[in-house]
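Here are some short exercises to work through with the model open beside you. Try each task before reading its solution.

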Amino acid sequence: MEKTCDVIISGAGMAGMTLALALAQNGLKPVLIERQPVTDQLDAGYDGRASAIAYSCFRQWNVLGVGEKLAPLSCRMDEIMVTDGHLPGAATKAPLPFYLHFRSQEISDRSGDEPLGYMVENRHIRTALYDGITAAGIEVIAPASIETIEEHPSRISVTLNTGDVLSAPLLVGAEGRQSKLREWAGIRNIAWDYGQSAVVVTVKMQHPHNHVAYEYFLTSGPFAILPLTDNRACIVWSESHDKAKALMGVRDELFFAHFQERFGEFLGEIELVGPKFIYPLGLSLAEDMHKGRLALLGDSAHGIHPIAGQGLNLGLKDVAALAEVVIEAARLGEDIGSELVLERYAKWRRFDNVTTSLATDGFVHLFSNNNPILRPLRGLGMGMVNKIGVFRRFFMEDAGGATGDLPKLLMGKSI
């Protein structure tokens, strides 16, 4: 028998679950479909990454009732230090004098004393969201995948490999970069590989990190030290694919030696905590965010390099915009899956998604090289931004998701 609901969400990741909570909180009935058991994603060995969450996106979780659980598991980022350096070695040149230093206290009067962002391990985010989904009684069908789709004048129906048939006015693709729904809809996807992979590890340090994040732009790719709770840090170490794969396979003492050269000594003795993870890096950008009764959000619509820590934030901004558009349309008695409604969502998010993707792509190409012409120019650029307060404050507020036409959830308000 065909089961009806208001919104079918394909993908119970962090963006998909956040959307389901926002819709359910406002009286709509979403159903989540996930290809693998959701509980598998909560295991510490599933995903070693941590995400830098903009303070506006954390406000959204507060409104949806999961922020309280995440707060003690989150680490404030009160400062960010960005430097452009050389690869370590016997012939390493002297450090460049240019850097960027962002401090949350500079914008505290406008941000409500929020930090620049919160570092939260992905496994904690997934657990808090899944607990929220369970408490709200939102149906999750997993493991399951969509086999066939039929679009009708007033609804769209999907048949799952479990035999379930679901019907709703709106279908949302939140499956990630390899979105099957995006392919089904014939939405073109612009994508390329950066020739880099990120090796991700967690470390515990001797000296306190004082809630400071560090990012070194090295010629092989960025090396980031991102503060976590319990005086730990998430390390995102970008290298070429071959070098990154080699690092995953070398003896622990050799890995640690290469690692410590980049990490430095200012945080004292360090200890690797847990396993190493590796993730290939690339760009993915869908040409449209909706087609027919399908809307895309998160990595299904855009996947970017982690160089600026904005990947998940873009997806959470999509959630806030789509939830507000759909909920307000439902209250007005509109067809929530119509072209007219979904274009409002796309128009709201398109510019931010495209400009952030292009800016991130530009940073990767600008900094992941040792070009003798570009190196002094980018150093001067960093130095100028650091000296001019209005530029520095704009970048901090923009990274915090507090600029532009914000959806209500990003302002900490209910829809």
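The exercises below concern a predicted model.

**Exercise 1. The nonpolar cores**

Find which residues touch the most other members of the largest nonpolar core, and which helix gives the most to this core.

Solution. Start with the core itself, which has 105 residues. The members that touch the most others are Ile9, Leu19, Ile53, Trp61, Ile125, Leu297 and Leu322. Next, look at helix H9 (residues 311-331), which gives the most to this core, with eleven residues. Another core, of 20 residues, lies apart from it and includes Val201, Val212, Leu218 and Phe255.

Now take Leu322. Setting aside neighbours within four places in sequence, Leu322 is in contact with Leu19, Val172, Ala295, Leu297, Leu342 and Tyr345.

**Exercise 2. A cis peptide bond**

Locate the cis peptide bond between Ala142 and Pro143 and give its omega.

Solution. First find Pro143, in the loop between strand E9 (139-141) and strand E10 (146-151). Then check the bond that joins Ala142 to Pro143: omega is about -5°.

**Exercise 3. Positive phi outside glycine**

Decide whether His211 is buried, partly exposed or exposed, and do likewise for Asn231.

Solution. His211 sits in the loop between strand E14 (189-205) and strand E15 (212-218), and its phi is near 65°. Its relative accessible area is 32%, which lies between the cut-offs of 20% and 50%, so His211 is partly exposed.

Asn231 is in the loop between strand E16 (221-228) and strand E17 (232-240), with a positive phi of about 55°. Its relative accessible area is 18%; this is under 20%, so Asn231 is buried.

Note on methods. Residues numbered from 1 in each chain as written. Predicted model: local features only at pLDDT ≥ 70, side-chain atom pairs only at ≥ 80, totals over all residues. Heavy atoms only, no water. Core = buried A, V, L, I, M, F, W, Y, C linked by side-chain atoms within 4.5 Å. Buried < 20%, exposed > 50% of the residue type's maximum accessible area, 1.4 Å probe, protein only. Helix = DSSP H or I, 4+ residues; strand = E, 2+ residues; numbered from the N terminus. Contact = heavy atoms within 4.5 Å.
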